[in-house]
Amino acid sequence: MAEEAQNLEKKRIPMIQVKNLYKIYRVGDTKVHALDGVDFTIYKGEFCAIVGPSGSGKSTLLNMLAGLEKPTKGEIVIDRVHIEHMTENQLVGFRRERVGFIFQSYNLLKTLNAVENVALPLSFRGVPKKKRNAVAKKYLKLVGLEKQQDHMANAMSGGQQQRVGIARALAVNPKIIFADEPTGNLDSKTTMDILRLMQKIVREQNQTLIMVTHDNYLASFADRQFHIVDGKITKIEELHHGEYGAKQEEDR
Amino acid sequence: MIRTMRFLDLLAMSVNNLRRRKLRTALTVLGVVIGVASVVVMVSLGLGLNGLMLDMYASYGSMTAITVYSNGFYDASGSGTEPQYLTDEVVDQFERLGHVTSVSPVLSTNVILKQGAYEASCSVRGVSREYMEQIPLGEGSLPEPGSDELQFIYGNNVITWFSNGRRGSSYGDTGELPDVDYMNRPMFVIFDTNAYYSSQYPSADGEQSKPPKKYLIPTAGVVEGTVDDYNNYSYSVYADIELLKTQLKLIYKKDPIPGQPTNQKGKPYPYFIYNSVMVFVDDMDNVTTVQKQISDMGFQASSQMEWIEQSQQTYDIIQLVLGGIGAVSLFVAAIGIANTMMMSIYERTKEIGIIKVLGCDLGTIRNMFLLESGFIGFMGGVMGLVISYIISFVMNNFLGIGQVLMGVAGDISRIPLWLSAAAVVFAIFVGMAAGFFPSLRAMHLSALSAIRNE
């Protein structure tokens with residue numbers, strides 16, 4: 001069984017490698033270790049959850065993986081590229097080419113409609129309007145918002161906005177999608193819808209998704225869970241739910 | 001591979017952002033409109049004043065002409081050295097100077113004009129063809145080139161010199177215009193004025209000399225303007241210099257021609273000596289240089305440039321002061337733009353953070369804000385220009401300021417094409433300059449703190 005898992009691991013392509021990662025904030029005279037020596041590897045096509053209570057350093061970890069914060073020490077290799085020493089503009093370029101983002105508060109541009117919001121990151125890549133709108137419509141259809149594609153962002157419900165957010169993250173065909181508490185502002189029914197949608201899409205598109213959450217139950221939708229407490233990974237849980245995902249949820 | 005946002009998408013985004021805040025954009029643009037209009041109107045007034053000044057000088061004669069006199073022409077005392085006369089040789093020398101387009105010798109000779117009961121004594125100026133071509137004619141036309149018939153062109157004020165021989169009344173006494181018609185009635189010309197006077201007024205010994213021959217000289221044309229208008233050509237009679245020389249030689253034969261200097265032995269020179277020479281220069285800017293060269297050759301040279309340069313210095317200062325007054329309001333407008341952009345960035349902090357996280361290039365963010373402020377400048381510039389044209393039109397056509405200020409009819413406010421273009425370009429530049437620091441600020445906003453959940 002262990003051998004089998006190792007064989008499986010060999011075949012898989014590492015997407016994110018984190019080695020000995022530290023983030024130390026200086027607050028007055030005291031040093032706060034937000035991340036205290038973190039090591040892990042995430043493979044292509046995985047749906048991983050980073051779980052921990054607030055203040056555990058999970059958001060810091062996500063921000064560093066996305067190049068929004070610089071680590072104090074350690075290595076982050078994403079898609080075989082070291083990002084820890086990149087300049088701000090290189091990091092922006094890295095995100096533009098490789099990363100999709102799903103936010104807790106959706107962060108859609110209120111002045112744009114659904115299609116324009118989804119097409120926005122493509123416009124940063126210089127994709128012509130016609131082409132990027134076609135792509136945007138395709139992904140809006142995928143998240144089930146065909147009918148709302150011309151609605152303005154602030155005229156939609158939270159669940160709809162988050163679907164637009166997911167479509168926006170997918171539209172750039174990223175190597176990795178980061179989701180920071182993607183269901184934090186949603187009611188429980190919508191939360192389930194969104195999570196199942198994310199799960200389904202990750203499977204179908206063979207995307208790598210990293211989700212940060214404080215909720216163990218939500219984390220159980222992921223293939224692997226990284227439990228993080230006080231800046232250290234305390235436990236990595238692997239769950240092979242596959243089609244049982246829905247069953248487990250009903251059991252609860 | 002670097003892929004960045006297309007310019008058109010960027011422009012659309014910037015314009016959309018401006019449209020979101022219509023009133024604020026409109027107010028900021030209004031500031032630029034006032035700024036640009038005041039600069040353009042002020043500069044146009046400066047240009048207008050300068051132009052009116054040049055018009056005024058132009059009416060006194062060609063601005064690119066230098067009049068050259070010989071130092072020795074009127075110096076009959078014979079101080080020992082041979083005076084430096086203006087001869088054909090000198091004319092050739094002048095022609096070879098740089099920037100000189102043409103040179104016309106001027107040969108003056110006194111004549112008596114007679115028509116009916118009227119007669120006038122005046123001087124005929126023999127000039128070159130190029131010179132004659134500059135004379136604005138009101139009636140008639142220049143003689144055919146190559147024609148060998150001597151023809152006269154009369155200044156529009158020459159008529160005032162005619163007096164009625166029988167009644168002895170002149171225009172100056174009666175204010176009544178003499179009944180002289182250059183074009184339709186024959187004009188008789190007496191070249192040998194000395195002989196004429198001695199025939200009119202017999203000398204004490206009672207010997208009356210034979211009156212000199214009268215010549216019928218056809219009129220080619222009359223200088224434009226009424227008797228009340230004045231220009232550089234108003235008081236002279238012009239003729240082709242070569243034909244005039246031929247005529248004089250014909251009349252005087254071997255005798256000395258009156259007005260021509262003699263050498264130290266009292267003999268006339270075998271060639272003509274000109275009273276003055278007009279040197280025409282290609283451009284106003286070169287007049288001073290050429291004039292200096294001619295003075296260095298030992299001649300007296302004068303041109304209108306000396307006066308124009310002095311006036312121009314005064315007008316340059318006026319221009320600067322006027323432009324400065326306008327620039328103050330444009331500066332205030334620039335502060336307005338900077339303020340608007342800062343406000344806009346504060347409002348859009350979150351938005352900027354989002355697009356940064358989504359991978360919008362830092363340069364693109366900066367350019368987006370620069371474009372916005374540049375666009376404010378552009379709109380203000382264009383509208384300001386339109387308003388400037390309206391103000392300029394009103395000043396030129398309804399107020400008659402030019403007449404009051406300079407006594408010359410003409411446009412007091414002039415907006416040349418370069419000023420329009422410069423105004424718009426400058427407005428865009430001011431907009432971008434005002435938006436520069438705000439745009440840097442937008443670029444360096446922390447994406448993380450901008451998207452942090454509130």
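Which residue of β2(A) is the bridge partner of A:Lys23? It turns out to be A:Leu35. The model is a predicted one, with local features needing pLDDT of at least 70, side-chain atom pairs counting only at pLDDT 80 or more, and totals for chains, interfaces and linings using all residues. Residues are numbered from 1 along each chain as its sequence is written, while chains are lettered from A and ligands numbered from 1 in the order in which they are written.

Strands here are DSSP runs of E, at least two residues long, and helices are runs of H or I, at least four, numbered from the N terminus. Strand β1 (14-27) of chain A runs antiparallel to β2(A), with 11 bridges between them; pairing takes at least two DSSP bridges. Both belong to an open sheet of 4 strands, ordered β2-β1-β4-β5. The edges go to β2 (30-43) and β5 (81-82) of chain A, each with a single partner strand, so one side of each has no neighbour in the sheet.

Turning to the interior, the largest nonpolar core has 128 residues. Such a core is a set of buried Ala, Val, Leu, Ile, Met, Phe, Trp, Tyr and Cys residues joined through C-beta atoms within 7 Å, buried meaning 20 or more other C-beta atoms within 10 Å, with C-beta atoms placed from the backbone. Among the members touching the most others are A:Ile210 and B:Val36. Helix α2 (22-59) of chain B gives the largest share, 15 residues. A second, separate core of 57 residues includes B:Val106 and B:Ile190.

How values were computed:
A residue is buried if 20 or more other C-beta atoms lie within 10 Å of its own, exposed if 12 or fewer, and partly exposed in between; C-beta atoms are placed from the backbone.
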